Amino acid sequence: QGFPSPSAVQGAAWPVAMRGTDVLAIAKTGSGKTLGYLLPALSLAAEHKHASKGSPLALCMSPTRELALQINAEAQKFGQPLGCRSVAVYGGAPKWGQASQLQRGCEIIIATPGRMLDMLDMHNKGGNAITNLALCRILILDEADRMLDMGFEPQIRKILAKAPQARQTVFFTATWPR
């Protein structure tokens, strides 16, 4: 049983994303957008995971807990064979369980903006930060326009301020206002 053929959005996005170029992709729901951005992020994570020593290399933000969990399920399914770990952080669940997962290390964080800010501001009992974005090389915004419509711009800006300026930015969405 082979892999399915790439969708149109994947075929268009992968070559651009693999070069480290910023990407803006608009495609219908169910068109394969998630793997359109996850596979390039996982490729980067697999290549640099030993040097990162558990510090996240990619951050994928989504507007809702449900979408974050869906993305994380795909990240785990495709990341596990590569030895890449992902952690989902989102509101509506205990912070300390998510913080504990982050402290064990991961290559990819899938997060809602508010909870990601919480995790960047949290410290453990020893005073060390729960996580940081110092080595984050790729920032993914899934349903980017929806996050902006929902008023997440201030949180996204605060998160971006904590990530390296030299990074790849990837926007994927099913809708984009004219």
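This tour moves from the whole chain to one strand and its two partners. The model is predicted, so local features need pLDDT of at least 70 and side-chain atom pairs count only at pLDDT 80 or more, while totals for chains, interfaces and linings use all residues. Residues are numbered from 1 along each chain as its sequence is written, and side-chain values use heavy atoms, with hydrogens and water left out.

Begin by selecting the protein chain in cartoon view, where seven helices and six strands appear; helices (H or I, at least four residues) and strands (E, at least two) are DSSP runs, numbered from the N terminus. Followed along the sequence, the chain reads α-β-α-β-α-β-α-β-α-β-α-α-β. The C-alpha trace spans about 50 × 35 × 30 Å along its principal axes. Of the 178 residues, 48% count as buried, a word that here means under 20% relative accessible area with a 1.4 Å probe, protein chains only.

Next, select residues 168–173, which form strand E6; five of its six residues are buried, so the strand is largely enclosed by the rest of the structure.

Keep E6 in view and add residues 138–142, strand E5, which runs parallel to E6 and is joined to it by five bridges; two strands are said to pair if DSSP finds at least two bridges between them. Within this pairing, look for Ile-138, which stands opposite Gln-168 in E6.

Finally, add residues 23–26, strand E1, which pairs with E6 in the parallel sense over four bridges. Here the residue to pick is Ile-26, whose bridge partner in E6 is Thr-173.

Conventions
Buried < 20%, exposed > 50% of the residue type's maximum accessible area, 1.4 Å probe, protein only.
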